[in-house]
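Me: Could you take a close look at one helix for me and tell me how it sits in the rest of the chain?

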Amino acid sequence: MDLPVILKLDALTKQFAGQAAPAVDQVSLVLHQGDLLGLLGPSGCGKTTLLRLIAGFERPQHGTIDLAGHPICDGPVWVPPERRDVGVVFQDYALFPHLCVLDNVAFGLKTQVRRGKLAAGQIREEATRAIALVGLQGFEKRFPHELSGGQQQRVALARAIAPRPSLILLDEPFSNLDVQVRLYLRQEVRDILKGVGASGIFVTHDQEEALSISDSLAVMRSGQVEQFGTPEDIYRYPSSRFVAGFVTQANFLRAERHGNVWKTVLGSFAVDAAAPAAAIAELMVRQEDLQLRPDPAGNLVVRDRQFLGREYRYTLTTATNDILYARTATRDRLEVGQTVTAQVDLNQPQMFAMS
Ligand SMILES: Nc1ncnc2c1ncn2[C@@H]1O[C@H](COP(=O)(O)OP(=O)(O)OP(=O)(O)O)[C@@H](O)[C@H]1O
């Protein structure tokens, strides 16, 4: 059973003055209570603008926003950011440098007191609770410059969750962190948000990050949501060549139609009912769908091998000098320069019209 809807966007549109096209174009989507939605897309596709519209930092030309069942943006109805019951975590943490951790976290709670939602005497207790939730007990008196980047981002998260908002917005929250911190903090942030039952939307242009921490994903392109779904569905069944290329980082092989089969450099594949009605198309072959084996008569040559811990990533060249990528278990080690054959294991070949 679906949980209640916490956020509903309907045909939200924002065009900045002097711009030829809207930054956010007719975006409609629904987020359920307790879910984490990832906004994924290339630079300039409108992710941050969409987040800023939800936060109330920008005003749309058209469309509506409902939060927790109430309109917060709908024609003449306009709830300003500080009254939206939304917490925001920015890419650059945006902590107050002259305030210690406790006072940074307490800051948002003072607004709650002014709005009569919290007693002044509870500020310290609530701030301490949020600091403990992000694992920073003992750091209350430190200043931002005395913390690592990852710790600063946790303070920013504590500040956002302290007032227990209906929704938390995170704008590329991990992008200023080095890769190790990024990997564990993103899991931690997911755990923290899930632990308090918070609903969240986070912006990223990192597909692996989006797939790993979202419950649902909106892939954006030119201001529009090109595909919305679970990470699994989007990875397995990308609805367009754009989504397929951006999310799966697959290989796309030129395929020529000969009657009932598509011919590619890696063999022939049956044409199915959903195939594009074209003589030439592209076959999606994910990096993990290629099984490589040494074969002196093979038509691929290993150009590079990267060790990724649990797997190798191979760069291969075809007879027509195209590049393919394959990921295999580390027990199947191949040498650079070796000639190989690839077996392609596809349950259902996915074809896209040529882009
Ligand atoms: N204040 C503004 N005035 C004019 N144009 C803007 C403004 N803010 C954003 N834009 C334009 O709107 C489009 C969407 O920008 P936005 O920052 O939302 O994209 P993004 O997907 O978040 O990009 P990135 O991943 O690079 O942060 C871009 O073309 C950008 O140049």
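Reply: Sure, burial first: a residue is buried if 20 or more other C-beta atoms lie within 10 Å of its own, exposed if 12 or fewer, and partly exposed in between, with C-beta atoms placed from the backbone. Bear in mind this is a predicted model, where local features need pLDDT of at least 70, side-chain atom pairs count only at pLDDT 80 or more, and totals for chains, interfaces and linings use all residues. Residues are numbered from 1 along each chain as its sequence is written.

The helix is α4, residues 149-161; helices (H or I, at least four residues) and strands (E, at least two) are DSSP runs, numbered from the N terminus. By that count the chain has eight helices and 21 strands. Of the 13 residues in α4, 11 are buried, including Q151, R154, V155, A158 and I161. Across the chain's 355 residues, buried ones make up 38%.

What covers α4? Its buried residues are covered by elements including α2 (101-114), α3 (123-133), α5 (179-195), β7 (86-89) and β8 (167-171).

α4 also feeds the largest nonpolar core, meaning a set of buried Ala, Val, Leu, Ile, Met, Phe, Trp, Tyr and Cys residues joined through C-beta atoms within 7 Å. That core has 94 residues, and V105 and A158 have the most contacts inside it. Its largest share, six residues, comes from α4.

Follow V105 and you come back to the helix: leaving out residues up to four places away in sequence, V105 touches V155, A158 and R159, among others. Contact here means C-beta atoms, placed from the backbone, within 7 Å.

Terms used
Expected span 1.5 Å × (residues − 1). Contact = placed C-beta atoms within 7 Å.
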